[in-house]
There are 2 protein chains.
Amino acid sequence: MNVTQGTKLTEDDKSLFKGKNFAFIATLMKDGSPQITPTWVDVEGDSILINTAEGRVKEKNVKRDKRVAVSIVDSANPYNMVTVRGKVTEQVTKGADAHIDKMSKKYLGMDKYPYRTPTEKRVILKIHADKVFHMTP
Amino acid sequence: MNVTQGTKLTEDDKSLFKGKNFAFIATLMKDGSPQITPTWVDVEGDSILINTAEGRVKEKNVKRDKRVAVSIVDSANPYNMVTVRGKVTEQVTKGADAHIDKMSKKYLGMDKYPYRTPTEKRVILKIHADKVFHMTP
């Protein structure tokens, strides 16, 4: 295994986030303990984007403490993996509905996100990477 | 998606950890920020076992703060996933060499772990689950 380290996402790293791969985001609970959620993921410029809904555990957690870690594994080769430590720099509701449909298209092949509930407010977490580790076989 | 919650691992949860699936473990850095590592994983009784080496980031982190989160996804169906919050209750060096060979057999089909370095000291982290979430499609 090779590990390369950096302080920003390379094009190689980004291709993993662009691919149809699941990411895992770790956030901090109120008592400071870690929590993980598997999630769909996107990348835009140098930011990792995660679409969630207001009131979800990870959304409440990052409102309190914006420090997160994100890890992603190539579904075609689990020994190709990127893991990031960083911060949520923005929480954006504008465009979040269109964005969850984009994620639905990417992961489910469906134009409209099918799990939408009438009351939920979607929100995009924009994550800035401070430390990036890319492991390759 | 269905979510079932509990305070201990069910047989269903354990089968995901027994399978040839990657787990993701979140630990806490010295400054309290979260860190994630993708890892091989095993289960024994009600404990999740992760085999690491002394001096690795996650091993140093759990020595300082034993709170962790672990998430695992069924490689055959990514919408079948278990995520756990818990604690490292023991760090065991006895049997850790034989155990990494067992993991090598499970994940690589090789009797002997091929990445062993002469100086590393293997250690098994035994993790007790406090909260368990099992999501199914």
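The following exercises, with worked solutions, concern a predicted model.

**Exercise 1.** Determine which operation superposes chain B on chain A.

*Solution.* The superposition requires a rotation of 180°, with 0.0 Å of shift along the axis, and leaves an RMSD of 0.0 Å. The two copies are therefore related as by a two-fold rotation axis. Both copies use the same surface, since 100% of the contact residues of chain B recur in chain A.

**Exercise 2.** Describe the side of chain B that touches chain A by its elements and by the character of its residues.

*Solution.* Begin with the contacts, counted where C-beta atoms placed from the backbone lie within 7 Å: 23 residues of chain B meet 23 residues of chain A. Next, assign them to elements: β2 (23–28), β3 (34–39), β6 (67–74) and β7 (77–92) of chain B each give two or more residues to this side. Finally, sort the residues by character: 14 are nonpolar, seven are polar and two are charged.

**Exercise 3.** Establish how strands β2 and β3 of chain A are arranged.

*Solution.* Strand β2 (residues 23–28) and strand β3 (residues 34–39) of chain A pair in the antiparallel sense, over six bridges. Within this pairing, A:Ala26 stands opposite A:Ile36 of β3(A). Five residues lie between the two strands of this hairpin, and in the turn A:Gly32 has a positive phi of about 90°.

**Exercise 4.** Check the span of helix α3 (residues 96–108) of chain A against the expected value.

*Solution.* The helix has 13 residues, so at 1.5 Å a residue it should span 18 Å. The end C-alpha atoms of α3(A) are 17 Å apart, in agreement with that expectation. Just after the helix, A:Gly109 adopts a positive phi of about 75°.

Technical notes. Residues are numbered from 1 along each chain as its sequence is written. Chains are lettered from A and ligands numbered from 1 in the order in which they are written. This is a predicted model: local features need pLDDT of at least 70, side-chain atom pairs count only at pLDDT 80 or more; totals for chains, interfaces and linings use all residues. Copies are superposed by least squares on the C-alpha atoms of residues with pLDDT of at least 70 in both. Two residues are in contact if their C-beta atoms, placed from the backbone, lie within 7 Å. Helices (H or I, at least four residues) and strands (E, at least two) are DSSP runs, numbered from the N terminus. The expected span of a helix is 1.5 Å times one less than its number of residues. Ala, Val, Leu, Ile, Met, Phe, Trp, Tyr, Cys and Pro count as nonpolar, Asp, Glu, Lys and Arg as charged, and the others, Gly among them, as polar. Two strands pair if DSSP finds at least two bridges between them.
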